[in-house]
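Consider the model shown here, beginning with one of its pockets and moving from there to single residues.

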Amino acid sequence: MSSEMIIRRYHPSDQDVVTDLWSRAARQAHPFLDGEGTGERARLLREVYLVEGENWVAERAGRVIGLLGLRAGGPGDGNGAEIGGLFVAPEAQGGGAGRELLEHAAALHGALTLEVFEDNDRARGFSAHLGFTEQGRPTDEETGRPLIALERAAPLKSVSWLHLREGRLLSVRTRGNDTFYLPGGKYEPGETAREALSRELGEELGLVVPAEELQEAFVIHDVAHGKNGRRLHMTCFTGGPQDIAPAPGREIAEYAWFDRREARERCAPAHAQVVRRLVAQGRMPG
């Protein structure tokens, strides 16, 4: 099993490894640019962008494998951000580092914008897969080459409860809807994630689950079901009582405990990721 990936702030001590990573990734992504990854562009990276920007790195097994540069206000301002650069070491591409860095930016800032070179087919495919849509075709001032301007709306942020009984996952269905979801829902203004989930469990299933008894398990990024392709940022929690007697609220038509196959067939897309995580943790049968 691969080591867990960590997303953290860039440190000045990362400069050498990050510069090398950027240089190799940039040359691979932009073979049509003479001198890419070297010279003046490398100097600007070291002396300007890494010093003045909001930069994050992806790290696995103690090794930095990805770099994200943002142009925005402070973390958590929720006013959107422009991705100035997103680079993954060539040997680590395809392992999820780029996606995790991008979703980290969305969790901090909400809506995202990005420009990629028209000739960079891989970047275009990656951004389309993660929900970016084209907004224009400007020209890069430095190289004169065509760019594609992309944007993605802020993800829908929600919370959910992972409650298992004999290896089966508790799910709920709202009235007028055939699809099952995890118990939980969206935040109300001023709520923390735990407070939102505690309230939602009371409203949906009549359960008393104190916020302080909830422990964050993991975060899921996926397409929100029935929201025209908008992305979902779902924080999943465990904890609370194990012996429960749900009493569905007025919006809930029914609840059920599903195994892996039933969850795949009857539940929203994010369920598949949740189930994979739980199987990997040994909490659900494979």
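The second largest pocket encloses about 1000 Å³ of space; the model is a predicted one. Its lining is made up of 27 residues, and those nearest the centre are E4, M5, E100, F218 and R277. Four elements, β1 (5-9), α3, β13 and α7, each give at least two residues to this lining. The largest share comes from β13, which supplies six residues. Sorted by class, the lining of the second largest pocket holds ten nonpolar, nine polar and eight charged residues.

One of the contributors to that lining, α7, spans residues 269-280, and within this helix A270, H271, V274, V275, L278 and V279 are buried. An α-helix has 3.6 residues a turn, so residues three or four places apart point the same way. The cover over the buried residues of α7 includes the strands β9 (164-165), β10 (168-174), β11 (180-181), β13 (214-223) and β14 (231-239), together with the helix α6 (260-266). After α7 comes G282, which has a positive phi, near 80°.

The largest pocket holds about 1400 Å³ of space. It is lined by 49 residues, and H30, G84, G85, L86 and F87 are the closest to its centre. Two or more lining residues come from each of α1 (15-29), α2 (39-52), β2 (54-60), β3 (63-71), β4, α3, β5 (112-117) and α4 (121-129). The classes in the lining of the largest pocket are 25 nonpolar, 13 polar and eleven charged residues. Helix α3 is named for the largest pocket and also for the second largest.

Two elements from that list frame a loop: G94 sits between β4 (81-88) and α3 (97-109). Is G94 buried or exposed? Its relative accessibility is 81%, and because exposed means over 50%, G94 counts as exposed. Along the chain G94 and E36 are 58 residues apart, and their C-alpha atoms are separated by 22 Å.

E200 gives a case from the other end of the accessibility scale. This residue belongs to helix α5 (residues 193-205). Its relative accessible area is 11%, and since the limit for buried is under 20%, E200 is buried. Which residues does E200 touch, leaving aside those up to four places away in sequence? The contacts of E200 are with G184, G185, K186 and L205.

Technical notes:
Residues are numbered from 1 along each chain as its sequence is written. This is a predicted model: local features need pLDDT of at least 70, side-chain atom pairs count only at pLDDT 80 or more; totals for chains, interfaces and linings use all residues. Side-chain values use heavy atoms; hydrogens and water are left out. Buried means under 20% relative accessible area, exposed over 50%, partly exposed in between (1.4 Å probe, protein chains only). Contact means heavy atoms within 4.5 Å. On a 1 Å grid over the protein atoms alone, a cavity is a set of points where a 1.4 Å probe fits but cannot get out, and a pocket is an open set with protein on both sides within 12 Å along at least five of seven lines; lining residues have an atom within 4 Å of a point. Grid points are joined across faces, edges and corners, and a volume is the space filled by probe spheres set on the points. Ala, Val, Leu, Ile, Met, Phe, Trp, Tyr, Cys and Pro count as nonpolar, Asp, Glu, Lys and Arg as charged, and the others, Gly among them, as polar.
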